[in-house]
Amino acid sequence: MTSIKKNDILCCIDYSKQNRLFYKLNEIYKTLPGGNCNGCGKCCMESVGINLIEFINIFNYLQDKDELRKKCLNKVIDYYFLEYTEKKPCPFKDEDNRCLIYEVRPLNCRLFGHWKKEDYNKNLHNVTERNVEYKNFIKNKYKFDISDEVVNYKIKYCEDFIPEKYYLDKATRLSFADEMMILDSTVYSKDIIDIEFKDRGIVEYFIDSMFNEDVSYNIKIKLSKNEHLREIVLCRLKKILL
């Protein structure tokens, strides 16, 4: 059984449509400041953190787009199961650095470039420290090394992005996140989805909709330790799921 049940997701989609949650989500997005991005794609290199309402919105967006959905999920599977061995770009970015889900891209993607440089670099330093700590944890528990390329990869502050008005301070960025949490709370309070409340990235949400999280993580560890199994297992998983 998957950690996030498809029927629960569909119930959330119906509820969100009936109660205009997708409309409210888009209204939040509309209040975000604009800016000039050159489309280099250098920032699209991770599984960004998203809210439940954003996952439901993206899932709904992909529902009737079979070819696009399969293309994205194929890359989601590669990203997740190979995450410890090689650094891959966001699975929702195409070969031309374009976002495959641009219309419904998450808040964190929309806010990238709007950070003040000092805030961004401080956060980047914290992320790098956590990566090193996690590498040590994995080494001690599972006896293999996460790739140094993965541990040390840094999405550098974008000097090319030009905000429409001004850079956003932490309080302003968090105010947008608070608005998203209100929408999440609306869904959670109705008990229409059986899901553990925790931080997830966009990849983790989709993986949890296809697998039990304990099963997927155990497969991930095995593939990280045994490169000879990777291609065979990933092909089988995709054949079953896609």
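Biologist: How much space lies in the second largest pocket?
Modeller: About 270 Å³ in this predicted model, as the space filled by probe spheres set on the grid points. A pocket here is an open set of points on a 1 Å grid where a 1.4 Å probe fits, with protein on both sides within 12 Å along at least five of seven lines.

Biologist: Which residues line that pocket?
Modeller: Lys-6, Phe-59, Leu-62, Gln-63, Arg-69, Leu-73, Phe-206, Ser-209, Met-210 and Leu-241 (an atom within 4 Å of a point).

Biologist: And which elements give two or more residues to the lining?
Modeller: α3 and α4 (66-81) do. α3 gives the most, with three residues. Helices are DSSP runs (H or I) of at least four residues.

Biologist: Changing topic, how many disulfides does a search of the whole structure find?
Modeller: Zero, taking a disulfide as two cysteine sulfurs within 2.5 Å.

Biologist: Why no bond for Cys-99?
Modeller: The closest cysteine sulfur, in Cys-109, is 6.4 Å from that of Cys-99, so it is too far for a bond.

Biologist: What about Cys-235, which cysteine sulfur is closest?
Modeller: That of Cys-72, 19 Å from the sulfur of Cys-235 and too far for a bond.

Biologist: How accessible are Cys-99 and Cys-235?
Modeller: Cys-99 is partly exposed at 31% relative accessibility, and Cys-235 is also partly exposed, at 47%. Partly exposed lies between buried (under 20%) and exposed (over 50%), with a 1.4 Å probe and protein chains only.

Biologist: Any ground rules?
Modeller: Residues are numbered from 1 along each chain as its sequence is written, and side-chain values use heavy atoms, without hydrogens or water. Local features need pLDDT of at least 70 and side-chain atom pairs 80 or more, while totals for chains, interfaces and linings use all residues.
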